[in-house]
Amino acid sequence: MASHNDFGKQAEQMAVDFLLTKGYEILHRNWKHSHYEIDIIGMKDKILRIVEVKALQSTDVCFPEESVTKKKFNYLLKAADEFLYQHPQYTDVRFEILSITIHPNNQPEYFLIEDVYF
């Protein structure tokens, strides 16, 4: 497996671990429909949370959350529309971005952006 795939899996596991410590219940990981994907679907405070995870090994060029473009967010919306169609019991939904910066020889830095709108 390519090293970027290993890094992605590691980052998603870090994201799940972080969200669990914040009181999230993880419902799905890597939920797919067609060519759209949702990294993490969880529940917290009776609200469905659609979480996009972005991670970088340093912030020399940009912060991880800056790579969530309007186009990427629109893909996330399309995936979420299908998920909600298949699961109509969820009526309160929030979109979030979890940014993880991994520093060499230091603890990772987490930045959770809640209620994301583009």
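Which side chain meets that of Glu 114 in a salt bridge? In this predicted model, the partner turns out to be Arg 49, with N and O 3.4 Å apart. The two come from distant parts of the chain: Arg 49 belongs to strand E3, Glu 114 to the segment after strand E5 (109-113), and 65 residues separate them in sequence. Their surroundings are worth a look too. Arg 49 is buried, at a relative accessible area of 5%, whereas Glu 114 is partly exposed, at 43%. The link does not stand alone, as Glu 96 joins Arg 49 and Glu 114 in a network of salt bridges.

Strand E3, the home of Arg 49, is a good place to get to know the fold. Spanning residues 47-56, E3 is mostly covered, with eight of its ten residues buried. On one hand, E3 pairs with strand E2 (residues 36-44) in the antiparallel sense, over five bridges. Here Leu 48 of E3 has Met 43 standing opposite. Two residues sit between the strands of this hairpin, and Asp 45 takes a positive phi near 55 degrees. On the other hand, E3 runs parallel to strand E4 (residues 93-101), a pairing that takes in nine bridges. Within that pairing, Glu 52 has Ile 97 of E4 as its bridge partner.

What about the nonpolar side chains? The largest nonpolar core has 17 residues, and those touching the most other members are Ile 38, Ile 41, Leu 48, Ile 50, Leu 76, Phe 83 and Phe 95. At least two residues of this core come from each of E2, E3, helix H2 (70-86) and E4, and H2 gives the most, with five. Apart from this core lies another, made of 13 residues, including Phe 7, Met 14, Ile 40 and Ile 100. Leu 48 also deserves a mention for its contacts further along the chain: leaving out residues up to four places away in sequence, Leu 48 touches, among others, Leu 27, Ile 41, Phe 83, Tyr 90 and Val 93.

Aromatic rings come next, with a count of five aromatic pairs. In one of them, Tyr 36 and Tyr 75 have ring centres 5.4 Å apart and planes at 45 degrees, so the pair is tilted. Since Tyr 36 lies in strand E2 and Tyr 75 in helix H2, the pair ties together parts 39 residues apart in sequence. Tyr 36 counts as buried at 14% relative accessibility, while Tyr 75, at 34%, counts as partly exposed. Phe 73 and Phe 95 form an edge-to-face pair, 5.5 Å centre to centre and with 65 degrees between the planes. This pair links helix H2, through Phe 73, to strand E4, through Phe 95, across 22 residues. Both Phe 73 and Phe 95 are buried. Elsewhere, ring pairs link Trp 31, Phe 83 and Tyr 90 into a cluster.

Back to the charged side chains: the count comes to seven salt bridges. One of them joins Lys 72 and Glu 52, whose closest N and O atoms are 3.7 Å apart. Lys 72 lies in helix H2 and Glu 52 in strand E3, so this salt bridge ties together parts 20 residues apart in sequence. Glu 52 counts as buried, at 3% relative accessibility, and Lys 72 is partly exposed, with a relative accessible area of 24%. Arg 94 and Asp 92 form a salt bridge as well, with their closest N and O atoms 2.4 Å apart. Arg 94 counts as partly exposed at 22% relative accessibility, and so does Asp 92 at 31%.

Note on methods. Residues are numbered from 1 along each chain as its sequence is written. This is a predicted model: local features need pLDDT of at least 70, side-chain atom pairs count only at pLDDT 80 or more; totals for chains, interfaces and linings use all residues. Side-chain values use heavy atoms; hydrogens and water are left out. Buried means under 20% relative accessible area, exposed over 50%, partly exposed in between (1.4 Å probe, protein chains only). Helices (H or I, at least four residues) and strands (E, at least two) are DSSP runs, numbered from the N terminus. Two strands pair if DSSP finds at least two bridges between them. A nonpolar core is a set of buried Ala, Val, Leu, Ile, Met, Phe, Trp, Tyr and Cys residues joined through side-chain atoms within 4.5 Å. Contact means heavy atoms within 4.5 Å. Rings of Phe, Tyr and Trp (its six-membered ring) pair if their centres lie within 6.5 Å; planes under 30 degrees apart count as stacked, over 60 as edge-to-face and the rest as tilted. A salt bridge is a side-chain nitrogen of Lys or Arg within 4 Å of a carboxyl oxygen of Asp or Glu.
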